[in-house]
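This note is written for a reader meeting the structure for the first time. It begins with the surroundings of the ligand and then turns to the chain as a whole.

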Amino acid sequence: MKRERLDKVLAHMGVGTRKEVKQLIKHGLVTVGGVTATDPGMHVIPEQDEIVVDGHTLAYKRWIYIMMNKPPGVISATEDTRHRTVVDLLPLEWANRVHPVGRLDVDTEGLLLLTNDGQLSHNLLAPKKKVDKEYFARIEGRVLPDHVRQFAAGITLDDGYTTQPAQLEILSSGPASEVKVTITEGKFHQVKRMFTALGLRVTYLKRLRMGSLVLDESLVPGAYRELTADELASLKGEEKEKTGE
Ligand code: URA
């Protein structure tokens, strides 16, 4: 377990800015293991030390795993100069510590995992791991069985790159169609560009699944919750299976 500066831990936990937490410490309002802290730079082990701020004990968790139903209009990043970001939707104690695992376009909705577990992130995003991502999409135009075959063969995008084979399932076909798409990569605007290459246009896109992690449909857009122990175990287990580690 890592030792960290007390002021940094308190700021990350959303107690206040570094400056504010220094003031709290100066005023004797913070205790560590029952002893009043005097030095903001003192080292603590947040998972282990009992840290009390103004009578409230901090519940520190080393690892954070959050499932969000990303709403449209927010950016999947930790900061942006113009738009709200997905972390702006979270309480400070999480917002300060997590990053989104991969990106969804600003207008895309659905499953987004946020965590501070860099290893898990890497394993879910690394191209060679081929973690599948499933989307629901509405398409302007008629989606046909031939498109399904083209998706299965891989689609050549506008920049000349040919995608890995992808699965396309037609839910309804007409002047506007509904489909499910499963891809194993995460190229920029990939799903939209795959349809563009076929002369079709995505009008709505929602991610339903990433590996074993399925969007909890009880989460309204913008809502989030921590992963359950089972969800986390299968997400990690799956990664082991695929890499053989
Ligand atoms: N593909 C896209 O085109 N956009 C997304 O947000 C995700 C996948």
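1. In this predicted model, helix 6, which spans residues 190-197, gives the most to the shell around the ligand, contributing three residues. The residues that make up the shell are Leu104, Asp105, Thr108, Tyr135, His189, Gln190, Val191, Lys192 and Leu205.

2. The composition of this shell is mixed: four of its residues are nonpolar, three are polar and two are charged.

3. Polar contacts with the ligand deserve a separate point. The side chain of Asp105 places an N or O atom 2.7 Å from a nitrogen atom of the ligand. A polar backbone atom of Val191 is 3.1 Å from a nitrogen atom of the ligand. For His189, a backbone N or O atom lies 3.2 Å from an oxygen atom of the ligand.

4. How much of the ligand's accessible area does the protein cover? On its own the ligand has 240 Å² of accessible area, and the protein covers 95% of this. The site occupied by the ligand is the largest pocket.

5. The chain is divided into three parts: domain 1 (4-57), domain 2 (65-127 + 216-243) and domain 3 (132-210). Domain 2 is thus listed with two segments, 65-127 and 216-243. Between domain 1 and domain 3, the C-alpha centres are 50 Å apart.

6. Which domains each supply at least three residues to the shell around the ligand? Domain 2 (65-127 + 216-243) and domain 3 (132-210) each do so.

Methods. Residues are numbered from 1 along each chain as its sequence is written. This is a predicted model: local features need pLDDT of at least 70, side-chain atom pairs count only at pLDDT 80 or more; totals for chains, interfaces and linings use all residues. Side-chain values use heavy atoms; hydrogens and water are left out. Domain bounds come from an automatic or database domain assignment. A residue is near a molecule or strand if one of its heavy atoms lies within 4 Å of it. A polar contact is a pair of N or O atoms within 3.5 Å; within protein, one must be able to donate a hydrogen and the other to accept it, and residues adjacent in sequence count only if both atoms are side-chain atoms. Accessible areas come from the Shrake-Rupley method with a 1.4 Å probe; for residues, only the protein chains shown count as cover. On a 1 Å grid over the protein atoms alone, a cavity is a set of points where a 1.4 Å probe fits but cannot get out, and a pocket is an open set with protein on both sides within 12 Å along at least five of seven lines; lining residues have an atom within 4 Å of a point. A molecule sits in a cavity or pocket if more than half of its atoms lie within 2 Å of its grid points. Helices (H or I, at least four residues) and strands (E, at least two) are DSSP runs, numbered from the N terminus. Ala, Val, Leu, Ile, Met, Phe, Trp, Tyr, Cys and Pro count as nonpolar, Asp, Glu, Lys and Arg as charged, and the others, Gly among them, as polar.
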